[in-house]
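User: Could you take a close look at the metal site in this model for me? I'd like to know what holds the ion and how far I can trust the rest.

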Amino acid sequence: MNKDKDYYKILGIAADSDKKEIKKAYRQLARKLHPDINPGNKFCEEKFKEVGEAYSILIDDKKRLQYDILRGFINNTGSRATKQTQKAYSTQTTSVPQKTKKENKKFNANFEFFFKGFKTEFSKIFPQNSTEKKSYGEKQKKAPPQKGEDIITEISITITEAQNGTIRKVNILRTETCVKCKGKRTINGSSCNNCSGKGETSSYKQLSVKIPAKVKEGSKIRLIREGNKGINSGENGDLYLLIHIIQNSCFTFDGLHVFCEIPVTPTEAALGAEIQVPAINGFINMKIPAETRSGQKFKLSGEGLPDAHSGKRGDQVITVRIELPSNLTEKEKELYKELAKMRKFNPREHLIFEK
Ligand SMILES: [Zn+2]
């Protein structure tokens, strides 16, 4: 137990917090600071230990009482200090006595920021190469080079492009460490104006990307080192293009062959008709013969996808489905009755029913 450490402040809680609040604060911080989440980050490692120490004292009634007495959090009436007294006390203390005055000031300022902002993404508050980390570390070590983050972006292509391959222009927005403040976010104590204090800048780049023939839905094309810029001369991340093939809801595919189902009216099916059907390059006209049955298939030769090498195209296969209009009028119903009287037709007569 170190009476010079403010365990309440470390956990970001008031001196009159109950066990539930202590547990909650500890869990949230431990999750953020865990070494598994921040590998190699010495600052987080130190904080993680400190948070653990604070928790072990405050969760134990005996230890907490002892600590509170040492810190003056228990007043002479024996009751626990209020939030106000705790606040008043904590402003007089420094959390890290072994540091220089300048470092302490910096550290405490960061510490405040940390607790105020711990809902924010932790990595944004303490980027790996930030000055905060350096000022807290025992030695001013040069931050190691770090690989930039990968970028994953979706690219939508048509079915024909997927089959034949294509070249697409891809616009990517990638980030790099600010060249002016070198990611430190401040210059001589004031916010860097080059990156607006973000520590990084964004830039657009247009790339011409060759998408190979016969690319599949959901496949990834990797462009090595076209991702976000590396930090401290580390290599760039990679760019991944996630392929999305725009599907026309009507079509299914099997190699170069295209399949779709086309609804027709009972009249068209009975008398035959010339109808427009969707094809991969727009609409085409097609004749259906008289007495077309529902489910009948028609092949449109050479209307499928072209082969990437020979240019020879597959076929389109159309399956006809007879669709009846809804909300039949009285007149229409009369005519159907007429039709029924004219021809005794039982399409189920070949089916054998029991009983
Ligand atoms: Zn900057």
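Analyst: Happy to! The zinc ion has four protein donors, C178 (SG), C181 (SG), C192 (SG) and C195 (SG), lying 2.2 to 2.3 Å from the ion. Donors here are N, O and S atoms within 2.8 Å of the metal (3.2 Å for Na, K and Ca), and water is not among the atoms, so sites may look incomplete. Along the sequence, the donor residues follow the spacing C-x2-C-x10-C-x2-C. The angles among the 4 donor atoms run from 104 to 113°, and the site is tetrahedral; four donors earn that label if all angles lie between 85 and 135 degrees. For reference, the ideal angle for four tetrahedral donors is 109.5 degrees.

Now for some context on trust. This is a predicted model, in which local features need pLDDT of at least 70 and side-chain atom pairs count only at pLDDT 80 or more, while totals for chains, interfaces and linings use all residues. Residues are numbered from 1 along each chain as its sequence is written, and side-chain values use heavy atoms, with hydrogens and water left out.

The mean pLDDT (the predictor's confidence in each residue, from 0 to 100) is 78 for the protein, and 79% of its residues reach 70 or more. Among the elements, strand β12 (residues 297-300) has the highest mean, 96, and helix α5 (residues 83-92) the lowest, 33. Helices (H or I, at least four residues) and strands (E, at least two) are DSSP runs, numbered from the N terminus. Over residues 81-139 the pLDDT is below 50, yet this stretch has 97 contacts (heavy atoms within 4.5 Å) beyond near neighbours in sequence.

Key: Four donors count as tetrahedral if all angles lie between 85 and 135 degrees; four count as square planar and six as octahedral if opposite donors are over 155 degrees apart and all others between 65 and 115; anything else is irregular.
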